Amino acid sequence: MQILTDPRTLQQTCLRWRADGQHTVLVPTMGYYHSGHESLISYARSVGDKVVVSLFVNPTQFGPGEDLAAYPRDLERDAALAEANGADILFTPQPADMFPAGHATWIEVPSLAGTLCGVSRPTHFRGVCTVVMKLFQLAMPRTAVFGQKDWQQLAIIRRMARDLNVPVDVVGRPIVREQDGLAMSSRNIYLSTEERAQAPNIHHGLALGRALVQGGERDAAAVAEGMRRYWRENLPLAQEDYISIVHPETLEPLARITDAALCAVAFRLGKARLIDNMLLAGE
Ligand code: AMP
């Protein structure tokens, strides 16, 4: 595995691969790998000829007062894991390589970015879209792989790729969880012992919501209220950021649960802001 820091070197390598007819798969990450990241990289390995993993803690997707400086980092371990899971290139640019002075172009998808996480993180998805589009231009992938843990991000990137005719197949992969149900996240290390003990109940509350729907409840407000009651009891250390039942593609709030419905949630738990989601109906 090669470790590259220079965007132009990455682009030249990937242009050559593309000219040779190689299928490049891109996996964008911010590092501090867990099994969720590993699952994306090994999936990429299984479908592509060349696997590019980017590791970049993108400053433009952090708002003021967020955890940019504290975000966990361990390049040596990440490089070993990326290689073990089959990466050909680990791309680890510096912020000034990706956003040199004078950078002035931004990509936004306001209709999907103004809801859910976008309410408390109003500039987050603009930073995500812009860096992902830059990575698309550099790595020239035919496929790009994202986790369903960040469902809104996946929906936005899909829409961006469609709207801008980007020739990349955007693939979403299932959420990898700890044995107790907590969605794996680099930010889980922020949790205290007590907070960590309650955190799996985020997932259990979502499962309760799905069970309510499977039991015939169609009223989204009633399902949300059932989940909220569970979390009030079983997640007392957390503060709700949002609990929303939305259409999985448009992210528009649903009043009735008919064919496809996603419950997406965000909680503040101590220093961590944790997100999770589950399809309540539909695939
Ligand atoms: P991050 O490094 O947190 O920006 O995540 C990089 C990629 O890994 C994103 O596409 C995430 O959605 C994905 N990811 C993060 N956590 C998980 C998880 N628990 N299961 C599956 N994918 C994940």
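## The ligand shell

By class, 9 nonpolar, 7 polar and 2 charged residues form the shell around the ligand. The model is a predicted one. The shell counts 18 residues, and five of them come nearest: His37, Gly147, Asp150, Val176 and Met184.

Which elements each supply at least two residues of this shell? They are strand E2 (24–29), helix H2 (35–47) and strand E5 (143–147). H2 gives the most, with 3 residues.

## Polar contacts and burial

Three residues pair with oxygen of the ligand, as follows. For Asp150, an N or O atom of the side chain lies 2.6 Å from a ligand oxygen. For His37, the partner is again a side-chain N or O atom, at 2.8 Å from an oxygen of the ligand. Met30 takes part through its backbone: a polar atom there is 2.9 Å from a ligand oxygen. His37 and Asp150 are also among the residues that come nearest to the ligand.

How much of the ligand does the protein bury? The ligand taken alone exposes 480 Å², and 93% of that is buried by the protein.

## Packing of H1 and H7

Helix H1 spans residues 7–19, and helix H7 spans residues 124–139. Their axes come within 7 Å and cross at roughly 50 degrees. Angles from 35 to 65 degrees fall outside the parallel and perpendicular ranges, so H1 and H7 are oblique to each other.

Which residues meet here? H1 brings Pro7, Leu10, Gln11 and Cys14. H7 brings Gln137, Leu138 and Ala139. By class, this contact has 5 nonpolar and 2 polar residues, and no charged ones.

Terms used:
Residues are numbered from 1 along each chain as its sequence is written. This is a predicted model: local features need pLDDT of at least 70, side-chain atom pairs count only at pLDDT 80 or more; totals for chains, interfaces and linings use all residues. Side-chain values use heavy atoms; hydrogens and water are left out. A residue is near a molecule or strand if one of its heavy atoms lies within 4 Å of it. A polar contact is a pair of N or O atoms within 3.5 Å; within protein, one must be able to donate a hydrogen and the other to accept it, and residues adjacent in sequence count only if both atoms are side-chain atoms. Accessible areas come from the Shrake-Rupley method with a 1.4 Å probe; for residues, only the protein chains shown count as cover. Helices (H or I, at least four residues) and strands (E, at least two) are DSSP runs, numbered from the N terminus. Ala, Val, Leu, Ile, Met, Phe, Trp, Tyr, Cys and Pro count as nonpolar, Asp, Glu, Lys and Arg as charged, and the others, Gly among them, as polar. Axes are lines fitted to C-alpha atoms, for helices over the stretch in contact, and angles run from 0 to 180 degrees between N-to-C directions. Angles under 35 degrees count as roughly parallel, over 145 as roughly antiparallel, 65 to 115 as roughly perpendicular and the rest as oblique. Contact means heavy atoms within 4.5 Å.
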